[in-house]
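Let's take a walk through this structure together, starting at its metal site and working outwards from there. Have the chain open in your viewer and follow along.

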Amino acid sequence: MGFCLLGNVAIAARHAQHQLGAGRVAIVDWDVHHGNGTQAIFLDDPSVLFVSLHQWPFYPGTGGPGEGNETTINVPLPAGSGDDHYLAAFEQVVEPAVRRFAPELLLVSAGFDAHYEDPLAQMELTGDGFRELAARCAALAPRIAAVLEGGYNVGTLPGLVGSALEGFRSARSSSTSAR
Ligand SMILES: [Zn+2]
């Protein structure tokens with residue numbers, strides 16, 4: 001749709017399955033835009049769970065209520081949603097779905113364009129919110145990796161990536177299971 005030349009996270013998922021022996025792969029996409037390309041690639045593939053949280057209605061227009069299936073789950077959120085809204089969506093939708101799927105690997109489409117200072121969207125996530133989302137993702141699977149997606153404020157982006165890395169690491173260090 002003009003933002004991505006390659007579907008990074010889809011390539012990572014297929015590589016994990018075909019080259020690294022991963023069976024069930026889950027993708028959590030918290031980029032502010034609907035992950036329409038990732039959805040299209042895995043829509044009919046029950047070995048990959050795709051969960052997208054995104055501003056809706058918003059570009060590119062897809063990912064609305066009721067769109068998806070058992071392994072394609074959309075969580076459209078209204079403009080103005082902040083940390084509390086995202087964490088509630090995690091508790092009510094994302095975490096139960098991923099636990100039910102029981103992935104061997106969790107991949108995160110880590111966009112930072114839902115931050116309150118991003119110029120492209122109207123969401124209100126903070127650095128603390130991204131840190132918490134990352135920690136919660138890391139707690140959902142024995143292995144986790146993330147790819148950088150959107151984020152259009154180059155002044156805040158490095159700090160937000162740092163916050164997410166702190167979250168991924170905090171869950172890792174507090175877990176008793178091997179990662
Ligand atoms: Zn985006």
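Start with the zinc ion, whose donor residues are spaced along the sequence as D-x1-H-x79-D. Keep in mind as you look that this is a predicted model. The spacing already hints at the next point: D31 and D113 link distant parts of the chain, 82 residues apart. D31 sits in the loop between β1 (25-29) and α2 (36-42), while D113 belongs to the loop between β5 (105-110) and α4 (127-138).

Now zoom in on the coordination itself. The ion is held by two OD contacts from D31, by ND1 of H33 and by OD of D113, at 1.9 to 2.8 Å. What is the geometry of the site of the zinc ion? The angles among its four donor atoms run from 53 to 160°, and the site is irregular. Four donors count as tetrahedral if all angles lie between 85 and 135 degrees, so the site of the zinc ion does not qualify.

Are the two aspartates buried or exposed? D31 has a relative accessibility of 7%, and D113 has a relative accessible area of 0%. Buried means under 20% relative accessible area, so both D31 and D113 count as buried.

From the metal, step back to the sheet. Six strands form an open, mixed sheet, and their order is β3-β4-β2-β1-β5-β6. Which strands stand at the edges? They are β3 (68-69) and β6 (144-148), and because each has a single partner strand, one side of each is left without a neighbour in the sheet.

Strand β5 is a good place to pause. On one side β5 pairs with β1 in the parallel sense over five bridges; V25 stands opposite L105, and I27 has L107 as its bridge partner. β5 also pairs with β6, again in the parallel sense and over five bridges, with S109 standing opposite V147 in β6.

How well covered is β5? Six of its six residues are buried. In a regular strand the side chains alternate between the two faces of the sheet. Here L105, L107 and S109 lie on one side and L106, V108 and A110 on the other, and both faces are covered.

Next, look for the empty space. The largest pocket holds about 510 Å³ and is lined by 26 residues, with F3, C4, H34, N36 and E149 nearest its centre. Helices α1 (8-19) and α2 each supply at least two residues of this lining, and α2 gives the most, with four. By class, the pocket lining divides into eleven nonpolar, eleven polar and four charged residues.

There is also one cavity of 30 Å³ or more, with about 30 Å³ of space in it. Its lining consists of F112, H115, D118, G151, Y152, N153, T156, L157 and L160. Four of these residues are nonpolar, four are polar and one is charged.

L157, from that cavity lining, brings us to our last stop, helix α5 (residues 157-174), where you will also find G159. With a relative accessible area of 44%, G159 is partly exposed. The C-alpha atoms of G159 and G127 are separated by 7.6 Å, although these glycines are 32 residues apart along the chain.

Definitions and conventions: Residues are numbered from 1 along each chain as its sequence is written. This is a predicted model: local features need pLDDT of at least 70, side-chain atom pairs count only at pLDDT 80 or more; totals for chains, interfaces and linings use all residues. Side-chain values use heavy atoms; hydrogens and water are left out. Donors are N, O and S atoms within 2.8 Å of the metal (3.2 Å for Na, K and Ca); water is not among the atoms, so sites may look incomplete. Four donors count as tetrahedral if all angles lie between 85 and 135 degrees; four count as square planar and six as octahedral if opposite donors are over 155 degrees apart and all others between 65 and 115; anything else is irregular. Buried means under 20% relative accessible area, exposed over 50%, partly exposed in between (1.4 Å probe, protein chains only). On a 1 Å grid over the protein atoms alone, a cavity is a set of points where a 1.4 Å probe fits but cannot get out, and a pocket is an open set with protein on both sides within 12 Å along at least five of seven lines; lining residues have an atom within 4 Å of a point. Grid points are joined across faces, edges and corners, and a volume is the space filled by probe spheres set on the points. Ala, Val, Leu, Ile, Met, Phe, Trp, Tyr, Cys and Pro count as nonpolar, Asp, Glu, Lys and Arg as charged, and the others, Gly among them, as polar. Two strands pair if DSSP finds at least two bridges between them.
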